[in-house]
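Welcome, and thanks for opening the viewer. Let's take a short walk together, one selection at a time.

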Amino acid sequence: MAMAALDTSCCLVGPVPFNDVTKDDGQTVVSLPAEHADILSTLPSIAVGPDLQLRQYQGVWLRDYMVAGMISVQRRFMSRPGDVLLASPPKCGTTWLKALAFATMARTTYPPSDADHPLRRLNPHQCVPFMENLFSAGQGAKLEALPSPRLLHTHMHYSMLPPSLADCCKMVYVCREPKDMLVSMWHFLKSAGFNLSFPDLFELACHGQNPYGPIWDHVLGYWAASTARPERVMFLRYEEMLADPVSTVRQLAGFLGVPFTAAEEAAGTPADIAEMCSIDALRSLDVNKSGNNGLFVMFGRQTFFRKGVVGDWVNHMTPEMARRIDAIVDGKLRGSGLAFTPVGPLA
Ligand code: PAP
């Protein structure tokens, strides 16, 4: 849906929906900028099935356009005081966290009770921009139009973040039990037409070669940052969010410096936000039933709302596969103070 652009030149307070500011019509088709072709051609690459190639950039396995986007973010992103960065490995609750953080931070301008709340007319990805996707399309300058505080998202590993982001922003990170994350990733890739078997994706993941892998490096980078600077980096787990979404909303508000007032608690605002952002509520909206998100042209909006449960890996992995990846991940996390609680029949 084409939106009239908001005039951000006066006194708007962020976050505001990215699409309202940029007038993205959801139909932009992105081609890879030539700028980084020389770097890309020097990187190690692997074929993940017949139609998906990954390259290893700064230790991380990525599609070409993501490498290009991350290089551009590293070179060009200009942080501002007050920026809030949401970070995640793919398929770990990004869409949900975008909705929760936007609704929580913007609740004065957009009360969750509003029938016309942005999250009832826009997909969460249209409200909170995906930085490296935007920069890969040469559209990073669009972030300048957002009023502060800006709410931004990345899948970049912590080690890849430009110093201005790592040092200045508050960050909220969400991760997920790796077996469920892989199952979700496989469904997502299949929905976009990639020809890849689950056992093949699993095998790659065991070697750290899934998209955005190694999984353990992604998680450990933000875990270390959150333990070193808990006032700056909040570490969330998808399973804990599912167990108690209202508490998650309260934690988010406190961490972001906008705790709920007694009046808001009495009015049930945290519960209203959790309900508005629940998978059932979001999935039922027309805006989330069809179309795509501009730069995400190969991924339909409905594919971001699949099951939303814990333990779906049992429908795709044998117990042997599960034990194998659990052992690999456990070994990589050993000594960090972080562990994934087993879920499902092996628990
Ligand atoms: P992304 O990183 O590509 O943006 P992301 O949103 O992290 O994707 O992952 C989608 C997963 O979150 C899906 O999990 P599943 O495949 O195991 O079902 C999706 O169902 C789940 N999800 C999306 N929105 C919500 C929500 N509001 N509450 C809980 N889970 C959600």
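Begin with the whole protein in cartoon view: its secondary structure comes to 17 helices and seven strands. Keep in mind as you look around that this is a predicted model. Switch on the surface next. The accessible surface of the protein comes to about 13,800 Å², and 55% of that area belongs to carbon and sulfur atoms. Of the 347 residues in the protein, 55% are buried. There is also something to learn from how the chain meets itself: taking contacts between residues at least 6 apart in sequence, 72% join residues at least 24 apart.

**First stop: a sheet of three strands**

Select residues 45-47, which are strand β1, and residues 53-57, which are strand β2. These two pair in the antiparallel sense over three bridges. For one example, click on S45 and find its bridge partner in β2, R55. Five residues lie between the two strands of this hairpin. In the turn, pick out G49, whose phi is positive, about 80°.

Now add residues 60-62, strand β3, which runs antiparallel to β2 and is joined to it by three bridges. Two bridge pairs are easy to pick here: Y57 with V60 of β3, and Q56 with W61 of β3. The hairpin of β2 and β3 has two residues between the strands, and Q58 there takes a positive phi near 50°.

With the three strands selected, which order do they take in the open sheet? The order is β1-β2-β3, with antiparallel pairing. β1 and β3 are the edge strands, each pairing on one side only. On average, neighbouring strands of the sheet are turned by 30° against each other, direction ignored.

Next, bring in residues 64-76, helix α3, which packs on this sheet. Helix α3 touches β2 and β3, and its direction makes about 30° with that of β2.

**Second stop: the nonpolar core**

Hide the surface and show side chains. The largest nonpolar core has 111 residues. Which members touch the most other members? Select L62, L143, V172 and C277 to see them. Then highlight residues 94-105, helix α4, which gives this core its largest share, eight residues.

Finish by zooming in on C277. Leaving aside residues up to four places away in sequence, C277 touches W96, A99, L100, A103, L119 and L282. Select these along with C277, and turn the view slowly to look at each contact.

Key
Residues are numbered from 1 along each chain as its sequence is written. This is a predicted model: local features need pLDDT of at least 70, side-chain atom pairs count only at pLDDT 80 or more; totals for chains, interfaces and linings use all residues. Side-chain values use heavy atoms; hydrogens and water are left out. A nonpolar core is a set of buried Ala, Val, Leu, Ile, Met, Phe, Trp, Tyr and Cys residues joined through side-chain atoms within 4.5 Å. Buried means under 20% relative accessible area, exposed over 50%, partly exposed in between (1.4 Å probe, protein chains only). Helices (H or I, at least four residues) and strands (E, at least two) are DSSP runs, numbered from the N terminus. Contact means heavy atoms within 4.5 Å. Two strands pair if DSSP finds at least two bridges between them. Axes are lines fitted to C-alpha atoms, for helices over the stretch in contact, and angles run from 0 to 180 degrees between N-to-C directions. Accessible areas come from the Shrake-Rupley method with a 1.4 Å probe; for residues, only the protein chains shown count as cover.
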